[in-house]
Amino acid sequence: NLKEHVYKAYTESFDSQFECCVQWFSMQTSGTCIAGLPGDLQPSSQPTITGGGFADAKFFPRFPGVGNPPATERYCDNDHKSLPSWQLDNYDTMGFDTQTDCCKAWFPELGTACTQRAPTYGSLAPTEASICGFYPVYSSSWETGTCVNDCNHPNEYEDSSSLLFSNDKAGGLECCNLWFPGNGLTAEQMGSGRHSYCIQQLIAADSTTFDMTEPPTSAPVS
């Protein structure tokens, strides 16, 4: 029955219903077990709100309809002023040192929607800088293929030196010359010194870096 299901989940007994819910149903997205708390522990009973928020405060899971003001979605935050007393009374069992730990324990299905939500106090932990470099991008055809360095390359490109090139002039030219040599040029234009479509796009995007003007081979005649 329901009582046995809540208090003796899988034959293991607990001193309180809350401990049982945390131990066995922490991944429950509906909040059914927590909602079954009796009396003044019911989230809907508007318990007294205590505590405050600090930059180093622990993170707690927030549930729709719970707290003051009530949360409207599931997430993790460190604003203790909005928490009901039944969460604050279980500071060590429900609180987490980091937002990421709280999200992984309670809302893993939310992914970055939880872990990248700005907390009320403090700021998001810095994320590791993305690896940037030039990589080939096909559009409608090889003739209009280009090389870009927008840091949005597929992750698997980082394992291949022939797909991800250095983030400088040499890397951009190497990418174009390997993947799109002479693209956009007619047979007559090949070997004329005219740049491929790929290199033309590099110049158009950053004419300072991709300055292809050849230096003079002799002093100018005065």
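**Figure 1. Phe 63, Trp 106 and Phe 107 make up one aromatic cluster.** The model shown here and in the other views is predicted. In total, 6 aromatic pairs are found in the structure. Each such pair of rings is described by the distance of the centres and the angle of the planes.

**Figure 2. Tyr 138 and Phe 180 meet as an edge-to-face aromatic pair.** The ring centres are 5.0 Å apart, and the planes stand at 70 degrees to each other. That angle is over 60 degrees, so the pair counts as edge-to-face. Tyr 138 comes from the loop between strand 3 (135–137) and strand 4 (146–148). Phe 180 comes from the loop between helix 8 (169–179) and helix 9 (197–205). The pair therefore ties together parts that are 42 residues apart in sequence. Tyr 138 is partly exposed, at 45% relative accessibility. Phe 180 is buried, and its relative accessible area is 0%.

**Figure 3. Trp 142 and Phe 180 form a tilted aromatic pair.** Centre to centre, the rings are 6.5 Å apart, with 45 degrees between the planes. This angle is neither under 30 degrees nor over 60, so the pair counts as tilted. Trp 142 sits in the loop between strand 3 and strand 4, and Phe 180 in the loop between helix 8 and helix 9. The pair links distant parts of the chain, 38 residues apart. Trp 142 has 32% relative accessibility and counts as partly exposed. Its partner Phe 180 is buried.

**Figure 4. Arg 117 lies over the face of Tyr 75.** The distance from the ring centre is 3.7 Å. Tyr 75 belongs to strand 2 (75–77).

**Figure 5. Asn 68 and Pro 69 are joined by a cis peptide bond.** Omega is about 0 degrees at this bond. Pro 69 lies in the loop between strand 1 (60–62) and strand 2 (75–77). Most peptide bonds are trans.

**Figure 6. Cys 151 has a positive phi.** The angle is near 70 degrees, in a residue other than glycine. Most residues other than glycine have a negative phi. Cys 151 is placed in the loop between strand 4 and helix 8. With 27% relative accessibility, Cys 151 counts as partly exposed.

Conventions: Residues are numbered from 1 along each chain as its sequence is written. This is a predicted model: local features need pLDDT of at least 70, side-chain atom pairs count only at pLDDT 80 or more; totals for chains, interfaces and linings use all residues. Side-chain values use heavy atoms; hydrogens and water are left out. Helices (H or I, at least four residues) and strands (E, at least two) are DSSP runs, numbered from the N terminus. Buried means under 20% relative accessible area, exposed over 50%, partly exposed in between (1.4 Å probe, protein chains only). A charge sits over a ring if NZ of Lys or CZ of Arg is within 6 Å of the ring centre and within 35 degrees of the ring normal.
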